[in-house]
Amino acid sequence: MREEGHDVRVVPTDSALRFVGAPTWEALSGHPVSTQVWDDVADVQHVRLGQWADVVIVAPATANTIARAAAGIADDLLTTSLLTATCPVVMAPAMHTEMWLHPATQANVATLRARGVTVLDPAVGRLTGADSGPGRLPEPADLARVVEEILAGGATHDLAGRRIVVSAGGTREPLDPVRFLGNRSSGRQGWALARRARARGADVVLVAAHVDQPAIPGVRTVHVGTAAQMHAAMVAESAGADAIVMAAAVADFRPAGYSESKIKKADDGSEPEPVMLVRNTDVLADLVARRHPGQVVVGFAAETAAGADDLLALGRAKLARKGCDLLVVNDVSEGRVFGLDTNDAVILGADGTIVADAHGSKESLADAIWDAVVKRLA
Ligand code: CTP
């Protein structure tokens, strides 16, 4: 973080100093360090540090520190700083797998997340002993990226404590063991939505069909293949969610039958059997039907329109059919949008009025969508 130009203050716990001594932290940060509220009392450090920070990173966050933070205990400089900090807080847990999976730790993590703390899932791999499993500290570069994204969002932490489910990517409907009906969705917009929601403090679940994107640190990803699997996963994950965004390109139709063996060419040169299609469930419409009071449901509309007016008309008709709270209307004619880094979109409110006009990166469209969601959640 210092190499990126940030001013960093290190607040070790007493235990941390058994691993790395204070002089090292002082040399690396360029500031004095202390663990106790009784040092530099005249500076009221235990209040100042939390107030001063733009972001607090607890790395590694031990089971003990997580428990103390969840309980609001304030018995050293780190925990008093956590109680006085009003900025985003990121915790990167690191501990043995058994400690991470223990119901006490999991309950503490759930408490912190509900309060808006970004608690990353630990990385999976070799731990300090001979054991391996979930519990490794995420790579420093991944941690730094999470923090940079949070800082890029300015002070906006307006999705803190919110549970959000985003679907992304394109579903694949199998015809036989080697073939499927698919679509051109890359998953980038859903990924941008998940990254920005997490940066704004939300607890995010990503339900991902086929995508070409790497996992996002701090976001739980549920992988699905077909529209039916997407439907089941979205219904299960959305039950307790504050907001749902259907950014996935879900297949409307699937082959009526599935061949257990590869479909072969006929020896006599005759044409293949036509493929019959049947309709899939409309996941978005079903989520709208199940929506609980206060839950915000956002849909996307991919349209090939003749012009801006046509695009709006198609979007409004779809909005009326789907009944969602917000609809993001994209023009996908002539290869626009799919696989690109930018988007041109209009966001419609439930009554069909234009809420926002977003041009530019998928990240900025994601932020425009979350701005509109935040207003509706309030
Ligand atoms: N969607 C869905 N389930 C489907 C098809 C689409 O949940 N079986 C969702 C998409 O994720 C998107 C929205 O519905 O949020 C609109 O998708 P789109 O493909 O534009 O619309 P369709 O409903 O498929 O309508 P049409 O293809 O007839 O324009």
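The legends below describe an overall view and several close-up views of a predicted model.

**Figure 1. Overall view of the protein chain in the predicted model****.**
The protein chain has 378 residues, and buried residues make up 45% of them. Its secondary structure consists of 13 helices and 17 strands. Along the principal axes, the C-alpha trace spans about 85 × 50 × 40 Å. Among contacts with a separation of 6 or more, 66% are between residues 24 or more positions apart in the chain. The chain exposes about 18,800 Å², and 54% of this area is supplied by carbon and sulfur atoms.

**Figure 2. Close-up of the ligand and the residues that surround it****.**
The ligand is surrounded by 16 residues. The closest are Ala 248, Leu 284, Phe 300, Lys 318 and Lys 322. Three of the contacts can be followed atom by atom. Ala 248 has a polar backbone atom 2.7 Å from an oxygen atom of the ligand. For Leu 284, a backbone N or O atom lies 2.7 Å from a ligand oxygen atom. Lys 318 takes part through its side chain, with a polar atom there lying 2.6 Å from an oxygen atom of the ligand. On its own the ligand has 570 Å² of accessible area, and the protein covers 79% of that area.

**Figure 3. Close-up of Arg 200, a residue in a loop****.**
Arg 200 belongs to the loop between helix H9 (188-199) and strand E9 (203-208). Is Arg 200 buried or exposed? Its relative accessible area is 2%, so Arg 200 is buried. The side chain of Arg 200 makes a polar contact of 2.9 Å with the side chain of Asp 158. It also makes a polar contact with the side chain of Asp 367, at 2.8 Å. Leaving aside neighbours within four places in sequence, Arg 200 is in contact with several residues, including Thr 156, His 157, Leu 159 and Ala 160. Trp 370, Asp 371 and Val 374 are also among the residues in contact with Arg 200.

**Figure 4. Close-up of Ser 29 in helix H2****.**
Ser 29 is found in helix H2, which covers residues 22-29. Ser 29 counts as buried because its relative accessibility is 3%. A polar atom of the Ser 29 side chain lies 2.8 Å from the backbone oxygen of Trp 25. A polar atom of the same side chain lies 3.3 Å from the backbone nitrogen of His 31. Which residues does Ser 29 touch, not counting those up to four places away in sequence? They are Arg 2, Val 8 and Val 10.

**Figure 5. Close-up of Asp 131 between two strands****.**
Asp 131 lies in the loop between strand E4 (123-126) and strand E5 (132-136). With a relative accessibility of 27%, Asp 131 counts as partly exposed. The side chains of Asp 131 and His 96 make a polar contact of 2.8 Å. Not counting residues up to four places away in sequence, Asp 131 touches His 96 and Arg 126. Asp 131 and Thr 97 are 34 residues apart along the chain, and their C-alpha atoms are separated by 8.5 Å.

**Figure 6. Close-up of Gly 294, a residue in a loop****.**
The loop that holds Gly 294 runs between helix H11 (283-290) and strand E14 (296-303). Why does Gly 294 count as exposed? Its relative accessible area is 58%, and exposed means over 50%. Once neighbours within four places in sequence are left aside, Gly 294 is in contact with Asp 242 and Leu 377. The C-alpha atoms of Gly 294 and Val 355 are separated by 19 Å, and the two residues are 61 apart along the chain.

**Figure 7. Close-ups of a charge over a ring and of a cis peptide bond****.**
The charged end of Arg 9 sits over the ring of Trp 52, at 5.8 Å from the ring centre. How many aromatic pairs does a search of the whole structure find? The search finds zero. In the other view, Ala 59 and Pro 60 are joined by a cis peptide bond, with omega about -5°. Pro 60 is in strand E1, residues 56-61.

Terms used:
Residues are numbered from 1 along each chain as its sequence is written. This is a predicted model: local features need pLDDT of at least 70, side-chain atom pairs count only at pLDDT 80 or more; totals for chains, interfaces and linings use all residues. Side-chain values use heavy atoms; hydrogens and water are left out. Rings of Phe, Tyr and Trp (its six-membered ring) pair if their centres lie within 6.5 Å; planes under 30 degrees apart count as stacked, over 60 as edge-to-face and the rest as tilted. A charge sits over a ring if NZ of Lys or CZ of Arg is within 6 Å of the ring centre and within 35 degrees of the ring normal. Helices (H or I, at least four residues) and strands (E, at least two) are DSSP runs, numbered from the N terminus. Buried means under 20% relative accessible area, exposed over 50%, partly exposed in between (1.4 Å probe, protein chains only). Contact means heavy atoms within 4.5 Å. A polar contact is a pair of N or O atoms within 3.5 Å; within protein, one must be able to donate a hydrogen and the other to accept it, and residues adjacent in sequence count only if both atoms are side-chain atoms. A residue is near a molecule or strand if one of its heavy atoms lies within 4 Å of it. Accessible areas come from the Shrake-Rupley method with a 1.4 Å probe; for residues, only the protein chains shown count as cover.
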